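Open the model in your viewer and keep the selection box ready. This tour moves from the cysteines to the ligand.

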Amino acid sequence: MKHPDGSGQRTTAPSWLGNVADLLVHYIEQIGVNTVFGVPGGAIEPILDAVARSRRRGGLKLVVARHESGAAFMADAWSRETGLPGVCIATSGPGATNMITGVANAADNRIPLLAITGQPPLPLFGRHALQESEAAGIDIPAIYGHFCSYSSLLSHPDQAEAKISAALLHACRESRPAHVSIPVDVQRSLVARMPGAHLEVLSRPPRLVDEEALRKLLAILAETRLAAVVLGLLPSVVMPMMMAFIERSATPFVSTPDAKGLVNPGHPLYRGVVGFAGHQQALDLLGEADGALLAFGMDASEWGSAGWSPLLLNERLIHVDEQPAHLLATPMARLHVQGDFSSVIARLLEARLPETPGPERTGQSFLAAWRMSDLPSDYRAGSARVLPSMLMDYLSAHLPPQVRVVADAGNSTAWAVHRLHVAERRDSGRHLMAAGAPRDSRYGDRSWLRVLTNFAPMGWAIAASVGYAMADPLRLTLCLTGDGSLLMNGQEMTVALALRLPVIWLVLNDSSLGMVRHGQQLARAESIGHELPAVDFAAMARAMGMPSWRIPDLDTLRAFDTSVFRNLDGPCLIDVLIDADEVPPIGMRLKALGSAREPV
Ligand SMILES: Cc1ncc(C[n+]2csc(CCOP(=O)(O)OP(=O)(O)O)c2C)c(N)n1
C-alpha cells in the first residue's frame with residue numbers, strides 16, 4: 001500500500017500506514033466531519049499536510065480564519081448547524097492562547113468541539129523552545145483543562161489512538177469541547193497499526209431515559225393542570241413532535257431567547273420569550289397560570305431565565321433535559337426528568353393526557369398582542385436616523401424565507417430577541433438533505449435566529465456566520481452586529497469573501513459600545529469608555545473587495561433595494577447609521593448586575 005503522504009514508500013503489512021496526523025484526520029472523518037477551521041503555524045504543519053492529503057481524496061476542507069478565536073467561533077457554529085463536533089486547529093503558543101476565547105465560549109454554551117494545538121518537538125521541551133506550550137512553558141493543556149471536558153498532551157505516538165478517540169468521545173458524549181496538544185515530532189511519527197476505534201457508532205450519545213422519573217411525570221400530568229410549556233434550545237429534529245404535543249394538549253408556550261428561532265412567532269399558543277430582552281406577555285403567562293410548568297432543554301442561566309425569575313424557577317417546574325448540567329441548575333424544581341428528548345416527547349404524545357382548557361388558552365397570540373400593544377408606542381417620531389426598533393420591523397417584513405439571522409453580543413441580540421419576528425415561512429430542510437448535509441441536524445434547518453445565552457463574546461456572530469454558511473451555503477445568513485464588534489472581529493468577513501459564502505453583515509452603527517453606553521445611562525452610572533470613532537464600514541467593506549451600502553437615514557432605508565436579501569452570490573455589508581438614543585430592551589441584565597435603578 002502507498003504511504004498516505006504520496007511518497008511512494010511501500011509496505012506489505014499492515015494494510016494501513018500513516019502518521020499520527022493522518023490518524024487524527026482519520027478519526028475526524030470517521031465521525032462525519034468534513035470541514036475544519038484553523039490558522040496555520042510551524043508546530044501544526046504535519047496536521048495541515050494530513051488535511052491536504054485528505055482533501056485530495058475528497059475529504060476534509062480547511063477553512064483558514066484570520067484569528068484563532070474566529071476559527072473556534074466558526075467551528076462552534078458549524079457544530080450547531082450540523083450536530084457534529086466542530087474542529088478547530090491552532091499552532092502552539094499565541095495560536096493556542098488566541099483560540100481560548102472561542103473554545104471557552106463553546107464550553108460555556110455546551111457545544112461539542114475538538115480543539116487541536118501543536119507543540120515544539122518533544123526533545124526541546126524545557127529548553128525555551130519557541131512557543132513552548134507545556135508545563136515548562138505556557139502550559140496550554142493545563143489552561144484548556146480548566147474548561148474542556150478532556151485536555152491532554154500526546155507525549156508518545158503510541159498514545160495517539162487512545163487520546164484522540166477519548167477526546168472525540170468526550171466532546172460528542174458530553175457535548176463540550178475537548179482538547180489535544182500534539183508535539184510536531186509526534187504528529188510526524190508513523191503509526192503502523194490499523195485504527196481500531198469505531199467512533200462513528202460510539203460517538204452518538206445513548207438514548208437513555210430515566211424511566212421512573214418519566215412515570216412520575218405522566219402521573220403528575222394525569223392529575224395536574226399543565227399551565228405552560230417552556231422551550232429551551234432543543235434539537236430541531238424534535239420540534240415537530242414537540243409542537244404536536246403543545247397543540248394536542250392546547251398548552252400555551254414560551255421560549256428562551258436562544259430557542260426563539262425554533263418557534264413560529266405567529267403560532268396561536270406562543271406567548272413570547274422568557275429571558276434576556278424577552279416579553280412581558282411571557283412572564284404574565286408564567287405568573288398568572290396555576291398548574292405545572294413543563295420545561296425542555298432550558299439551561300436556567302441568567303439570560304435564559306429572565307435573571308432567574310421566580311415566576312419560572314419555582315416548585316411548579318418540571319424540568320426535562322438531556323444534560324445533567326442543566327438539571328443541576330434547577331434544584332427548586334418539583335421533578336427532574338433526565339432523558340433523550342425525542343423518547344420523552346414520544347411518551348408524552350402516546351399518553352394522550354387530558355386537556356384542561358383555561359381562559360389563557362384562548363388568549364391572544366403573541367404576535368397579535370404585540371401588534372396591538374408595543375408597536376406604535378415605541379416609535380419616536382421625527383428622527384431622520386433609523387431607529388433600531390424600526391430596523392427590526394423592516395427586517396421582519398423583508399427578510400426572505402429560510403433566512404438564518406445570527407445576532408452578536410450587544411444590542412443586536414437584545415433587539416433581535418425582543419423585536420425581530422420572522423414569520424413561519426421555512427421549508428422542512430429538504431434543500432439541506434438534497435445538498436448532502438447530515439440528516440440529524442441538531443439545531444439545523446428549523447432555527448431562524450441564533451443568539452448566545454452564555455459567555456457572549458463580542459464578534460462571535462461575525463465569525464459564527466462563516467461557520468453557519470459553511471455548513472449550509474444554500475441559505476442566506478444575516479449577521480446583525482455592532483460597530484464595536486466589527487472593529488474587534490471584522491477581519492473574519494474576508495474569510496466569507498474568499499469562499500464566496502452568502503452572508504450579509506448588517507452593522508448597527510452608533511459610533512459607540514451601545515450596550516455599555518445605555519447600561520451606564522439606565523443605571524445612572526458614570527458615562528465612560530463607550531465612545532467609538534465614526535467609521536464608514538461600507539468603505540471598509542469595499543476596501544476588502546465586498547459590495548456594500550451605507551444607510552444614513554430613514555429615507556435611504558425605505559428606498560433600499562431588498563433584492564439584496566435574495567442574492568446568494570457572496571457576502572456583502574450594509575452599514576446602518578442608527579439612532580443611538582433609542583433605549584434597547586436590556587433592563588433585565590442591569591437587574592442581574594445589581595445596577596438597575598427602578599424602574600428599568
Ligand atoms: C470580548 C468582549 N469584550 C467586552 C464585552 C462587554 N460588552 C458587551 S456588549 C458591549 C458593547 C458592544 O458594542 P457594539 O459591538 O458596538 O454593539 P452595540 O451594543 O452598540 O449594538 C461590550 C463592550 C463582551 N461581551 N465581549
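Select Cys-172. Its relative accessibility is 12%, so Cys-172 counts as buried, the cut-off being under 20%. Bear in mind that this is a predicted model.

Now select Cys-88. Buried or exposed? At 0% relative accessibility, Cys-88 counts as buried. How many disulfides does the structure hold? The count is 0. Cys-88 is therefore unpaired, since a disulfide needs cysteine sulfur atoms within 2.5 Å and the nearest cysteine sulfur, that of Cys-148, is 8.8 Å away.

**The ligand shell**

Next, select the ligand and show its surroundings. Its shell has 17 residues. Asp-483, Gly-484, Ser-485, Gly-514 and Met-515 are the closest. By type, the shell residues divide into 7 nonpolar, 8 polar and 2 charged.

Color the helices. Which ones each supply at least two residues of the shell? They are H17 (411-419), H20 (483-489) and H22 (514-522). H20 gives the largest share, with 4 residues.

**The polar contacts**

Zoom in on Ser-485. One of its polar side-chain atoms lies 2.7 Å from an oxygen atom of the ligand. Then pick Gly-484. Here a polar backbone atom is 2.7 Å from an oxygen atom of the ligand. Finish with Ala-456. A polar backbone atom of Ala-456 sits 3.0 Å from a nitrogen atom of the ligand.

Last, turn on the ligand surface. On its own, the ligand has 590 Å² of accessible area, and the protein covers 76% of that.

Terms used
Residues numbered from 1 in each chain as written. Predicted model: local features only at pLDDT ≥ 70, side-chain atom pairs only at ≥ 80, totals over all residues. Heavy atoms only, no water. Near = heavy atom within 4 Å. Polar contact = N/O pair within 3.5 Å; in protein donor to acceptor, adjacent residues only side chain to side chain. Areas by Shrake-Rupley, 256 points an atom, 1.4 Å probe, with all protein chains shown as cover. Nonpolar A, V, L, I, M, F, W, Y, C, P; charged D, E, K, R; others polar. Buried < 20%, exposed > 50% of the residue type's maximum accessible area, 1.4 Å probe, protein only.
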